[in-house]
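Student: Please take a close look at one part of this structure, a place where two helices pack against each other. How do they cross, and what should be kept in mind about the rest of the model?

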Amino acid sequence: MTAAVDNELAPRQQDALDRHLTTCATCREELAATRTMLDVVARLPAEMALPSRLEEAMLRRMRDAARAERSERQRTPWWRLSLPALTVAAMAVLALVVGLRQFDVVSTRSVDSPGRQAAKSGRPAGPPHQVASQAGPTHVARREPRRGSEPPKDPPAELASAPDLFMDLPILRHMEKLEHFEAIRTTTLDEGPDPSDGQQERSSG
Amino acid sequence: MTPAGVHGKVSHMRTEPGDPALAAPVPAEATARAAADPDVALMLRLQAGDESAFQDLFRKYAPRVLQLARRFVGSQAQAEELTQDVFVQIFRFRHRYKPQSRLVTWVFTIATNLCLNELRRPERQLRVDLWDRRDAEDRPEEPPLPDPAAVTPEEGAATRELAQQLEAAVGALPPKQRAALLLSRVDGLAYRDVGEAIGCSEGAVKALLFRATQTLKRSLRDFV
């Protein structure tokens with residue numbers, strides 16, 4: 001009804017309403033009452049006299065806001081002022097992160113040696129010296145000796161006396177946990193002798 | 001919502017017309033619109049840092065904003081605070097105004113949002129409860145409805161009675177219905193502009209107006 005009073009109905013709706021109103025006295029009364037009520041509401045005063053103090057207070061607040069704006073602009077942080085420098089810095093950080101991720105992926109692949117892959121897949125793996133040699137030069141080149149502690153020249157007595165441990169597949173599955181074993185393996189590869197020699201020495205020792 | 005101008009530290013610093021720190025570049029299209037619409041010209045002056053433009057804007061729209069706010073919050077003091085907040089927002093966001101939209105719609109969008117937010121505040125709910133518990137005779141008298149046709153004392157009294165009842169009935173409407181009714185009927189905004197101001201579609205505005213009118217007809221059936 002309000003839309004009809006305001007002529008906001010679509011033409012099709014307006015036609016339908018007009019046809020209906022010709023036959024329905026109740027709706028005619030309803031429409032008239034709606035129009036009367038909306039007219040009464042429209043006669044409500046739209047404005048109110050402004051107290052003079054309101055305008056004065058308003059102007060003070062506006063000037064405060066303007067002063068705050070100026071202060072804000074003077075305190076603009078450096079990164080808002082030098083957008084190109086920020087862009088370059090962001091790109092450098094991004095390149096660094098991507099590079100580190102690439103390095104991490106290659107290292108993970110090299111640590112995930114064929115022996116471990118074989119252990120994971122359940123296939124029998126060769127002896128550790130063969131596994132180490134299959135790791136290839138990439139593994140040797142990328143694995144740096146641990147800093148701060150020299151690798152032991154000789155294996156601990158309990159390991160040297162039990163060379164069969166090196167053939168044990170469960171141990172190979174947890175290779176990363178056996179720091180002594182890792183040190184021995186690295187030392188052997190870095191010094192460059194034939195892995196089979198080290199195995200023979202341990203076996204004979 | 002304490003007005004800084006009343007309780008805060010008063011600043012005597014003036015913004016100079018054309019203050020470059022507050023100015024923004026004016027596109028050619030906006031200049032063309034300003035020539036056709038005095039409201040746009042007013043806003044462009046304000047965007048350029050002209051303090052007198054703000055005064056002109058305030059004098060033009062504040063009486064309507066104040067009346068709208070009073071019909072939302074009920075008290076004159078709170079309505080004045082809200083009016084100040086509206087114009088502080090207008091000043092702060094003056095660079096966001098686009099000449100493509102009508103200034104009156106933009107002003108009433110800000111005003112309606114602040115009024116609706118004020119009604120949603122929890123402490124406001126408490127105030128309304130306390131207000132409702134007061135006796136009717138303690139409340140300040142609502143402004144009379146001006147009616148040039150009311151010449152006799154009897155008619156004048158009837159008009160005042162109707163105005164009071166109408167103000168009370170409008171004040172009892174749900175906030176969105178009240179906003180739609182006042183913006184549409186009293187401030188003369190089109191349905192599309194009302195929808196923009198209260199954040200709904202034209203269809204929703206029609207529905208709000210219909211419900212508000214039905215409620216008013218029930219409330220005022222003895223007077224209208």
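**A helix pair in chain B**

Tutor: In this predicted model, H6(B) passes H10(B) in a right-handed crossing. H6 of chain B covers residues 103-120 and H10 of chain B covers residues 191-198. Their axes come within 8 Å and cross at roughly 40 degrees. H6(B) and H10(B) are therefore oblique to each other; an angle under 35 degrees would have counted as roughly parallel.

The contact can be listed by residue. From H6(B) come Thr105(B), Phe108(B), Thr109(B) and Thr112(B), and they meet Asp193(B), Glu196(B), Ala197(B) and Ile198(B) of H10(B). By class, the residues of this contact are 3 nonpolar, 3 polar and 2 charged.

Confidence varies along the chain that holds this pair. Chain B has an average pLDDT of 78, with 70% of its residues scoring at least 70. Among the elements of chain B, H9 (residues 175-186) has the highest mean pLDDT, 95, and H1 (residues 4-7) the lowest, 35. Residues 1-22 of chain B stay under 50 in pLDDT, and the model gives them 46 contacts beyond four places in sequence. Residues 129-151 of chain B are also below 50, with 20 contacts beyond near neighbours in sequence.

Chain B also touches chain A, in a contact that takes 44 residues from chain B and 36 from chain A. On the chain A side, H4(A) supplies the largest share, 16 residues. That side divides into 21 nonpolar, 3 polar and 12 charged residues. The model scores ipTM 0.72 and pTM 0.58.

Note on methods: Residues numbered from 1 in each chain as written. Chains lettered and ligands numbered in written order. Predicted model: local features only at pLDDT ≥ 70, side-chain atom pairs only at ≥ 80, totals over all residues. Axes fitted to C-alpha atoms, helices over the stretch in contact; angles between N-to-C directions. Helix = DSSP H or I, 4+ residues; strand = E, 2+ residues; numbered from the N terminus. Parallel < 35°, antiparallel > 145°, perpendicular 65-115°, else oblique. Left-handed = near helix turned anticlockwise from the far one by under 90°. Contact = placed C-beta atoms within 7 Å. Nonpolar A, V, L, I, M, F, W, Y, C, P; charged D, E, K, R; others polar. pLDDT = per-residue confidence, 0-100.
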